[in-house]
Amino acid sequence: MHTCPFYPPAPSPGPSTIIDYNPAEFCLQAKANGARCLVLWSGGHRVIFNRHGTELTAPKGHATVLAITSDLPVGVALDAEYIHAERQLYIFDLPLHPGILDERLADIPALLPRLPGATMIPMAHGDFARHAADWRAAGAEGFILKKRSSLYRKCARPNTKVREWVKFRFSWQQ
């Protein structure tokens, strides 16, 4: 059994509108409805934690995520969502990367050739309303607005809400 050294941040509850968010300050990422995966290295081995800091279980896709990340460079960590029905890992951040969000996101594509079954989460840097509508029509759970200049926040407790990430679920619009 491994111990998660930190918990991934949780987005704050979302806005009633995205019109007021400036694309120069925020980007928009689709929110997938799957199992949150924090892929870390411990003792020379990859360990996959869920958002609560416990190891990802077999029913949530542990073996598949382990296989997808088998060629992940040592020391690189991923924050991602695994969609079991698609057998797809959607990467949305690099928790150990020292840079701001824009720099972290720019480094994800270089990892993808080494991670068959992984892709980058859909993202937009403008026209937020149109992208959100397209993602809703495509079946996404919602979206997350992320501050482009923010550092990755490693949290001491699970489900710690951070203001740099703002979540909106389409089901909230009922």
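Which residue in E10 is the bridge partner of proline 13? In this predicted model, the bridge partner of proline 13 is lysine 167 of E10. The pair belongs to the contact between strand E1 (10–13) and strand E10 (161–169), which run parallel and are joined by 4 bridges.

The protein chain contains 3 helices and 10 strands. Read from the N terminus, its elements follow the pattern β-β-β-β-α-β-β-α-β-β-α-β-β. The radius of gyration is 15 Å, which agrees with the value near 16 Å expected for a compact globule because the chain has 174 residues. Along the principal axes, the C-alpha atoms of the protein chain fill a box of roughly 45 × 30 × 30 Å.

E1 and E10 are part of an open sheet of 5 strands, ordered E1-E10-E9-E2-E8, in which the pairing is mixed. Its edge strands, E1 and strand E8 (123–124), each pair on one side only. Two helices lie across E2, E8 and E9 of this sheet. Helix H2, formed by residues 101–111, lies across these strands and runs at about 50 degrees to E2. Helix H3, formed by residues 128–137, also lies across E2, E8 and E9, but its angle to E2 is about 5 degrees.

Another open sheet of 5 strands has the order E4-E3-E5-E6-E7, again with mixed pairing. Here the edge positions are taken by strand E4 (45–49) and strand E7 (118–120), each of which pairs on one side only. On average, neighbouring strands of this sheet are turned by 35 degrees against each other, direction ignored. Within the sheet, strand E5 (residues 78–83) pairs with strand E6 (residues 88–93) in the antiparallel sense, over 5 bridges. Isoleucine 83 has glutamine 88 in E6 as its bridge partner. H2 packs on this sheet and touches E5, E6 and E7, with its direction making about 150 degrees with that of E6. Helix H2 is therefore associated with both sheets, given contact as heavy atoms within 4.5 Å: H2 lies across E2, E8 and E9, and H2 also touches E5, E6 and E7.

The largest pocket encloses about 560 Å³ of space. Its lining consists of 30 residues, and those nearest the pocket centre are Lys31, Gly34, Arg36, Arg51 and Glu81. At least two lining residues come from each of strand E1 (10–13), strand E2 (26–31), strand E3 (35–42), strand E9 (142–147) and strand E10 (161–169). Of the elements, E10 gives the most to this lining, with 4 residues. Strands of both sheets thus appear among the contributors: E1, E2, E9 and E10 belong to the order E1-E10-E9-E2-E8, while E3 belongs to the order E4-E3-E5-E6-E7. By class, the lining of the largest pocket holds 12 nonpolar, 7 polar and 11 charged residues.

The second largest pocket has about 230 Å³ of space. It is lined by 14 residues, with Lys31, Ala32, Glu86, Gly139 and Ala140 nearest its centre. The lining of the second largest pocket divides into 9 nonpolar, 2 polar and 3 charged residues. Lys31 is named in both cases, being among the residues nearest the centre of the largest pocket and among those nearest the centre of the second largest pocket.

Definitions and conventions
Residues are numbered from 1 along each chain as its sequence is written. This is a predicted model: local features need pLDDT of at least 70, side-chain atom pairs count only at pLDDT 80 or more; totals for chains, interfaces and linings use all residues. Side-chain values use heavy atoms; hydrogens and water are left out. On a 1 Å grid over the protein atoms alone, a cavity is a set of points where a 1.4 Å probe fits but cannot get out, and a pocket is an open set with protein on both sides within 12 Å along at least five of seven lines; lining residues have an atom within 4 Å of a point. Grid points are joined across faces, edges and corners, and a volume is the space filled by probe spheres set on the points. Ala, Val, Leu, Ile, Met, Phe, Trp, Tyr, Cys and Pro count as nonpolar, Asp, Glu, Lys and Arg as charged, and the others, Gly among them, as polar. Two strands pair if DSSP finds at least two bridges between them. Axes are lines fitted to C-alpha atoms, for helices over the stretch in contact, and angles run from 0 to 180 degrees between N-to-C directions. The radius of gyration is taken over C-alpha atoms; the globule rule is 2.2 Å times the number of residues to the power 0.38.
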